[in-house]
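Reader: I'd like to walk through this protein with you, starting with its charged pairs and working outwards. Can you take me through what the model shows?

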Amino acid sequence: LLNTVGNEYNRMSLSLNNSFVPSTKLRIETGLFYVHNSSKIDNTLSGIRMSNLKQIYPYARFVDETGNAINIIKDYRPHFVEDISNQGYLDWRFNPLEELGYSNNTNRTQNIRINTSVDYKFFKGFNLKARYQYENQRYDSQRLQNLDSYYTRDLINRYTTRSASGLIRNIPIGGILTTGNNYLNSHNGRIQLDYNNSWDHHELN
């Protein structure tokens, strides 16, 4: 259950339906549907790999005999990681348990739908029907990887170059924030005229 630590999920929904009959000839119906979802996910321990192509080795230990969190091999050899850190690069070691809390993925979804229908009977046999639906959807995502996370340290190190005066960090020191937004607005309507009548042994519609 390690990949569920720090995860949250919340949902709120609302549904309203009303019918109005002002007269025997007129009927109005309205509906409102609202849903709001929010989730906070720390998937640091989900799908851990030694590299982009190689899965982590079986029975990898995250703690030592005394219960202390330990490093595991990821992407680079331990000797290289130790040597490059001594040259001024950010610590390139990967400690799975210490990664928990360094990554914050927040998603919010909101959906609003409004329905309206009107039925009106006029003259003999005529029935006018009108339908309208409005829908609004919004999706917001935010992914914050702070400086202590392996993702951020790895990205900064990979784009760090050397010069005669020392290291040049082409990606500034600090956390990395990625955001995304999606919107949808929809309008749908329909008007229909029906005629139904019968006399003697005849029927017309």
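Author: Happy to. Bear in mind that this is a predicted model. The structure holds seven salt bridges, and a few of them make a good way in.

Reader: Let's take R93. Which residue does R93 form a salt bridge with?

Author: R93 itself is partly exposed, at 45% relative accessibility. Its partner is partly exposed too, with a relative accessible area of 31%. The closest N and O atoms of the pair are 2.9 Å apart, and the partner of R93 is D91.

Reader: And D194 and K129, how many residues apart in sequence are the parts that they tie together?

Author: The side chains of D194 and K129 meet in a salt bridge, at 3.5 Å from N to O. D194 lies in strand β7 (residues 176-195) and K129 in strand β4 (residues 126-145), so the parts that the pair ties together are 65 residues apart in sequence.

Reader: In that pair, is D194 buried or exposed?

Author: The cut-off for buried is under 20% relative accessible area. K129 has 27%, so K129 counts as partly exposed. D194 has 17% relative accessibility, and that makes D194 buried.

Reader: On to D140. Which strand does D140 lie in, and what is its relative accessible area?

Author: D140 lies in strand β4. D140 counts as buried, because its relative accessible area is under the 20% cut-off. The value for D140 is 17%.

Reader: Which residue forms a salt bridge with D140, and at what N to O distance?

Author: The partner of D140 is R138, which is partly exposed with a relative accessible area of 37%. The side chains of D140 and R138 are also joined by a polar contact of 2.8 Å. For the salt bridge between R138 and D140, the closest N and O atoms are 2.8 Å apart.

Reader: Leaving aside its neighbours within four places in sequence, which residues is D140 in contact with?

Author: For D140, those sequence neighbours are set aside here, and R138 has already come up as its salt-bridge partner. What is left for D140 is contact with T106, N107, R108, G180, N181 and Y183.

Reader: Now the greasy side of things. Which residues make the nonpolar surface patch?

Author: The patch covers about 640 Å². Strands β4 and β7 each supply at least two of its residues. Its members are Y120, F123, F126, L128, I191 and L193.

Reader: Where is Y120 found?

Author: Y120 is one of the residues of the nonpolar patch. With a relative accessible area of 36%, Y120 is partly exposed. Y120 is found in strand β3 (residues 103-122).

Reader: Let's zoom out. What pattern does the protein follow along the sequence?

Author: The secondary structure comes to three helices and nine strands. Read along the sequence, the protein follows β-β-α-α-β-β-α-β-β-β-β-β.

Reader: Among contacts between residues at least 6 apart in sequence, what percentage join residues at least 24 apart?

Author: The link between D194 and K129 is one case of parts that lie 65 residues apart in sequence. Over the protein, among contacts between residues at least 6 apart, the share that joins residues at least 24 apart is 67%.

Reader: Last one: what percentage of the accessible surface belongs to carbon and sulfur atoms?

Author: Buried residues make up 22% of the 205 residues in the protein. The accessible surface comes to about 14300 Å². Of that surface, the part belonging to carbon and sulfur atoms is 52%.

Conventions
Residues numbered from 1 in each chain as written. Predicted model: local features only at pLDDT ≥ 70, side-chain atom pairs only at ≥ 80, totals over all residues. Heavy atoms only, no water. Salt bridge = Lys/Arg side-chain N within 4 Å of Asp/Glu carboxyl O. Buried < 20%, exposed > 50% of the residue type's maximum accessible area, 1.4 Å probe, protein only. Helix = DSSP H or I, 4+ residues; strand = E, 2+ residues; numbered from the N terminus. Patch = residues over 30% accessible without salt bridge, like charges linked within 9 Å, V, L, I, M, F, W, Y side chains within 5 Å. Areas by Shrake-Rupley, 256 points an atom, 1.4 Å probe, with all protein chains shown as cover. Contact = heavy atoms within 4.5 Å. Polar contact = N/O pair within 3.5 Å; in protein donor to acceptor, adjacent residues only side chain to side chain.
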